[in-house]
Amino acid sequence: MNKQWWKEAVVYQIYPRSFKDSTGSGVGDLNGITEKLDYLKDLGVDVLWLSPIYESPNVDNGYDISDYQAISREFGSMADFDRLLAAAHERGLKIVMDLVVNHTSNQHKWFMESRSSRVNPKRDWYIWRDGVDGSRPPNKLGSIFSGSAWEKDAGTGQYYLHLFAKEQPDLNWRNPEVRSAVFSMMKWWLDKGIDGFRMDVINLIGKPDEALAISGEPVDPIPNDKLTHTYLQEMRCEALSHYDIMTVGETPGVTASAARQFAGFDANELNMVFQFELMDVDADPKTGKWNQNRYRLSDVKKIMSKWQTELHGVAWNSLYWNNHDQPRVVSRFGDDFCAECRVRSAKMLATCLHLMQGTPYIYQGEELGMTNFPIQSLDDIRDVESLNAYRELVSESAVFSHEQMLAAIRKSGRDNARTPMQWDKTANAGFTTGVPWITVNPNYVEINAEAQVQDSASVFSYYKKLIALRKQYPIIVHGDYELLLPDDERLFVYHRCFEGRTLLVFCNFSGETLSRPSGTGFGRGSLLISNYAETELAAALVQPWEATVYLT
Ligand code: GLC
């Protein structure tokens with residue numbers, strides 16, 4: 001058993017724009033985060049991952065970076081960052097930064113130079129190609145944010161590649177100067193004392209020849225190109241290996257077996273990756289995340305169990321239900337309709353995830369059971385992905401009507417996660433004294449941190465307890481995993497085993513009272529945690545949204 005601090009840690013993700021505004025600008029900032037460190041310490045998390053805080057024109061809320069070594073003026077200054085880092089370290093909290101190096105902003109000086117002429121020394125820092133017949137994109141590679149991944153640049157007449165918005169041109173990792181510039185920037189941050197990186201779409205940095213070829217033909221996505229592994233090993237050797245840090249790669253499209261290449265204990269690449277199979281469990285073959293499909297629990301179990309067993313002993317899992325790109329977990333996999341169902345299902349979902357093997361990630365507000373936002377009109381939407389998808393699927397191709405698309409965005413849009421953190425029941429949930437950049441969810445009056453921190457029955461207190469259990473019981477970190485009842489569409493039951501002990505995790509993913517299946521070990525051993533009082537648990541029945549955990 002290989003002990004490393006990041007295997008025992010719990011990570012909390014902060015989306016700075018929506019966390020806490022200390023100035024009244026309507027946008028969260030670094031001093032706002034510093035103000036709330038004691039809240040995070042009280043919750044018990046070990047690591048804070050900050051979504052990008054660098055200078056950015058904010059086409060994609062900071063995931064389009066125009067200067068990697070400057071703090072966005074909206075968020076404060078480098079001195080504010082240094083204070084935040086020191087204050088976090090004083091409390092034993094680590095800070096992990098978002099590293100967005102598949103692409104830059106089109107306002108980054110590297111890109112401005114690159115686009116200025118075909119012979120500029122930085123021309124080859126980005127990916128430029130001639131069009132087909134001078135007027136069509138080089139090939140049919142699509143952008144993840146709708147439309148073609150190629151944009152024609154009027155000045156030089158060539159097309160540049162952008163896998164995301166056209167304001168996010170992809171860096172050319174084949175160029176050694178690009179790699180060395182990125183590695184020295186990373187070392188600059190590491191030398192400041194940060195504790196690691198979450199690497200944005202890092203599996204897309206290596207682009208196979210076919211993706212870049214001028215052919216006019218469709219191109220498959222590029223989730224696991226061998227070049228990516230070469231670059232990551234070089235990154236490890238040049239930058240990462242000199243520091244005691246954690247790294248997690250965001251890797252859309254990566255399978256569990258590919259994850260062993262990225263995050264294998266002997267891979268010399270990353271410590272862990274974020275898988276997307278679970279997030280895609282209800283995706284539609286034609287319209288992707290934009291749909292009204294409901295997940296099937298048997299699929300959720302199959303995916304989670306596959307990652308648990310295929311990585312056990314050879315690589316490390318990350319565990320998440322939520323982040324700034326996903327709808328709120330309680331609205332998606334639980335029930336946010338009535339207050340009691342919301343609280344019970346939020347706790348059940350937390351139990352199910354936190355008792356698996358891997359490093360758990362909590363996204364701001366998840367620990368309060370925050371819900372999706374009931375958007376009413378296009379005016380409520382801020383996210384470039386939703387706005388582009390609306391343009392493509394409603395205005396351009398009429399795949400959806402206006403109402404259908406709004407319903408799809410209400411279900412799956414990224415703004416659901418980006419509404420301000422709900423601190424208390426005062427105006428704007430205590431997030432800002434100004435006008436918030438995005439509307440506050442009106443349910444803040446009931447769902448807020450102030451109401452939950454002192455309440456031992458709250459979702460917050462339950463997360464606190466789950467985090468504390470992970471610190472107390474090595475079985476949660478190290479045990480192996482076995483799924484029971486794989487085909488049951490309401491119950492998710494699994495065992496974890498370690499050094500002769502067994503943890504039984506029993507979760508009801510429905511609001512129904514069920515009869516308790518025999519042979520699952522219910523009631524054996526001591527009750528570690530439940531979202532019902534011990535006296536409410538019945539040997540013959542499973543309560544709505546029940547989560548119970550026993551240790552023998
Ligand atoms: C990642 C980020 C997302 C961003 C995209 C492009 O998926 O999580 O928010 O839009 O990369 O950087």
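Trainee: Which residues line the largest cavity?
Mentor: Q275, L278, M279, M304, W307, Q308, N317, S318, L319, Y320, L353 and M356 do. A cavity here is a set of points, on a 1 Å grid over the protein atoms alone, where a 1.4 Å probe fits but cannot get out, and lining residues have an atom within 4 Å of a point. This is a predicted model, where local features need pLDDT of at least 70, side-chain atom pairs count only at pLDDT 80 or more, and totals for chains, interfaces and linings use all residues. Residues are numbered from 1 along each chain as its sequence is written, and side-chain values use heavy atoms, with hydrogens and water left out.
Trainee: How much space lies in the largest cavity?
Mentor: About 100 Å³, the volume being the space filled by probe spheres set on the points, with grid points joined across faces, edges and corners.
Trainee: And how many cavities of 30 Å³ or more in the whole structure?
Mentor: The search finds four.
Trainee: OK, new topic. Which residues are the closest to the ligand?
Mentor: D60, D200, E250, H324 and D325, out of 14 that surround the ligand, each with a heavy atom within 4 Å of it.
Trainee: What lies 2.7 Å from a ligand oxygen atom?
Mentor: A polar side-chain atom of D200. R198 has one at 3.0 Å from a ligand oxygen. Polar contacts with the ligand are pairs of N or O atoms within 3.5 Å.
Trainee: Where does the ligand lie relative to the domains?
Mentor: Between domain 1 (8–103 + 176–465) and domain 2 (104–172), because both give residues to its shell. Those bounds come from an automatic or database domain assignment.

Definitions and conventions:
A polar contact is a pair of N or O atoms within 3.5 Å; within protein, one must be able to donate a hydrogen and the other to accept it, and residues adjacent in sequence count only if both atoms are side-chain atoms. On a 1 Å grid over the protein atoms alone, a cavity is a set of points where a 1.4 Å probe fits but cannot get out, and a pocket is an open set with protein on both sides within 12 Å along at least five of seven lines; lining residues have an atom within 4 Å of a point.
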